[in-house]
There are 2 protein chains.
Amino acid sequence: MALVVQKYGGTSVGDTERIANVARRVATYHARGDKVVVVVSAMSGQTDSLIKLAHQITNRPDEREMDVLMSTGEQVTIALLSITLRHMGIPAVSFTGAQIKVVTDSSHMKARISDVETTRVMKALDEGKVVVVAGFQGVTAEGDITTLGRGGSDTSAVAVAAALKADVCEIYTDVDGVYTTDPNLCDKARKLKKISYDEMLELASVGAKVLQIRSVEFAKKYKVPVLVRSSFNYNEGTWVVEEDNSMEQVIVAGIAYDRNESKVSVKGVPDRPGIAARVFGALAEENIVVDVIVQDIGEGGKASITFTVPKTDLPKALDVIKPCAKELGAEEVASDTNIAKVSVVGVGMRSHAGVASKMFNALAAEGVNILMIATSEIKVSCVIEAKYTELAVRVLHDAFGLDKE
Amino acid sequence: MALVVQKYGGTSVGDTERIANVARRVATYHARGDKVVVVVSAMSGQTDSLIKLAHQITNRPDEREMDVLMSTGEQVTIALLSITLRHMGIPAVSFTGAQIKVVTDSSHMKARISDVETTRVMKALDEGKVVVVAGFQGVTAEGDITTLGRGGSDTSAVAVAAALKADVCEIYTDVDGVYTTDPNLCDKARKLKKISYDEMLELASVGAKVLQIRSVEFAKKYKVPVLVRSSFNYNEGTWVVEEDNSMEQVIVAGIAYDRNESKVSVKGVPDRPGIAARVFGALAEENIVVDVIVQDIGEGGKASITFTVPKTDLPKALDVIKPCAKELGAEEVASDTNIAKVSVVGVGMRSHAGVASKMFNALAAEGVNILMIATSEIKVSCVIEAKYTELAVRVLHDAFGLDKE
């Protein structure tokens, strides 16, 4: 008997038949005496069609009202799932984010959870009911409806699990776990049995889209054991948990890649203090997130700064950078969208030297030129030409022996 | 400068273009300094498609969860209308029934409003905002979502108007007022300038579907002046208000008809006390609403009871009545669905004799046989053969001079 929080994403509840599948899975847990809280997303496609409706009116709809609109998506799902469960004879009760008081700040469309009340949920669980909760949504202290941003249902589930001190938070998705790399690129990719929160954060932020980053941060902070698995089969899945000794034996846990970045270079800047601050200050003002940054001193004492920004932000970034470069006396601003970032990730590399050099050697052996390098405690990333992405991922997967357990 | 509550039905907010029309009308009121509260229904078709979704699961979905499901309909509309108003530069804020605490009992799918809190709405109005409220929905004292039943948005609007002590509650619909009779049946039908609550109740309950009955009862109880008008033009509409002297001058205000009833006769019952109680008690237990009742003593001291029930309830009514008739020693149970009820309605008839006889004469002159008669203080109804409905309505409209003001 355990207290289990389960989260089902949009494709898992995409129609009433799939909702019935979810209900059957919930039923097996309920039958064996578990207390079950189910957190659901909007049915797939629902959120997009609500956004479309709003965009028929204006491209910049009021954010408070967008949250009122969008939150109806999950409300439909909680009702349909509860109806299905009750039809199967399982006592169930649904709650919106506001009803169980998933309290957030008032940053509409990207609110952050500050608190989750548990009284109402615990009471229903104690009465033997399955509790069905709308993910993705919360409520401000003033009673306004908020949403958490794309993928926010993961965070809802982990936050509810943390508040209830659940034994596990199961995240059901359309893949059956976290892999050593993308199986679509590398057929030797292997499903991981477990992975640490920190590794998951690095893998997620560099392109493995299994879990919303904030949900992993939340899970790490409150030590919520997360199990990622598929809602379409009964395979084992991957545990996302606290780091343990066995993990440190594994030097590299996975290879991630990201093709959504572009590269900007400001070349030939007279080298004096404050240049980087000026450039990145201007970008920050426009809310452009900069990832890898490299600065070097070239010939004649002139500096060049190269960095990556999301492809979608490139036009805006250039608009900001060009006048700024002129003002700094730079010789040239160049940009390149044909790049990709590949990263090796693993908590084990903290205590093992040589991961970076092994990576560079493996890429060099295949003639893959490295454009930029960035490292963190548990990650080494290389920016390369986009056309080498698949090759680089496969080479690195082999080099670090990830196909073997 | 007035405090105006406006209610727009499903067809008036059927798509984003129509919502823009509503916003433009709201804007003119706001521009002239009125405080405006807008109560809206779900976009037309929305409620039906939500019901369809639930019925894919079961024909008897849990009612608490149905309310969670259905209430999303109006929530979409309030968001879209507020987005539109704000896009037009008009400060607007939306509230669900739960947010402004439209408190109801816990009879899901047919809840009754017990209270409406005004603090949040008044605050927003005082800040110069247009307040957009979801009709049709409320919340129990425990925080569960409820709905008020089909047409409930009218009642929401009147209840909000009553709580706010609004100067007027404007009900926008797809007809431009209340007519002396159905213009589709009688081309001499004339739009009424005003009508009393009681007359409206009788007209509504006998087939004129402009306003939900409960909303009129509410308006009468709290003396809320209601103006019924079209959202598709700027015509004057019809006031539904307290009775005044001028109304008593008009003997008959309108002619209503209803083709949704069927007739049941229990014939040849030994006449002894308690028969009617037995028959109607059995029907009441099954929640079957009985309308016109006639009892008479036929030959040989045997009684017969004839009454009408909604056509949709006829099979259930016969199931109840047949064993009951046997038990009472009745000779026969007969039923007839080819009937209609025509009614003349008017507060003036209280002080004028001869309305009933004028009605009977007019029908007789055209050879329309009267099957049953029922009267109230301000109404005379005749049950006739269905095929005479149009003829009867036209004849009575002429007989009472309703084409002239």
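Start with two helices in chain B of this predicted model: select H12(B), residues 355-365, and H13(B), residues 389-399. Their axes come within 9 Å and cross at roughly 130°. An angle like that falls outside the parallel, antiparallel and perpendicular ranges, so H12(B) and H13(B) count as oblique to each other. Turn the view until one helix lies over the other, and you'll be looking at a right-handed crossing of H12(B) and H13(B).

Now show the side chains where the two helices touch. Which residues meet here? From H12(B), pick B:Lys358, B:Met359, B:Ala362 and B:Leu363; across from them in H13(B) are B:Ala392, B:Val395, B:Leu396 and B:Ala399. Color this contact by residue type and you get seven nonpolar residues, one charged and no polar.

Next, hop over to chain A and select residues 370-376, strand E19, along with residues 379-385, strand E20. These two strands run antiparallel and are joined by six bridges. Together E19(A) and E20(A) make a hairpin, with two residues between them. To see one pairing up close, click on A:Ile370 and look across to A:Ile384 in E20(A), which it stands opposite.

Finally, zoom out and bring up both chains. A turn of 180° with a shift of 0.1 Å along the axis lays chain A on chain B, with an RMSD of 0.2 Å. The two copies are therefore related as by a two-fold rotation axis. Where should you look for that axis? Try A:Thr72, the residue of chain A that comes closest to it, at 2.7 Å from the C-alpha. Last stop, the interface: the copies meet through the same surface, because 100% of chain A's interface residues are also interface residues in chain B.

Methods:
Residues are numbered from 1 along each chain as its sequence is written. Chains are lettered from A and ligands numbered from 1 in the order in which they are written. This is a predicted model: local features need pLDDT of at least 70, side-chain atom pairs count only at pLDDT 80 or more; totals for chains, interfaces and linings use all residues. Two strands pair if DSSP finds at least two bridges between them. Helices (H or I, at least four residues) and strands (E, at least two) are DSSP runs, numbered from the N terminus. Axes are lines fitted to C-alpha atoms, for helices over the stretch in contact, and angles run from 0 to 180 degrees between N-to-C directions. Angles under 35 degrees count as roughly parallel, over 145 as roughly antiparallel, 65 to 115 as roughly perpendicular and the rest as oblique. A crossing is left-handed if the near helix is turned anticlockwise from the far one by less than a right angle, and right-handed if clockwise. Two residues are in contact if their C-beta atoms, placed from the backbone, lie within 7 Å. Ala, Val, Leu, Ile, Met, Phe, Trp, Tyr, Cys and Pro count as nonpolar, Asp, Glu, Lys and Arg as charged, and the others, Gly among them, as polar. Copies are superposed by least squares on the C-alpha atoms of residues with pLDDT of at least 70 in both.
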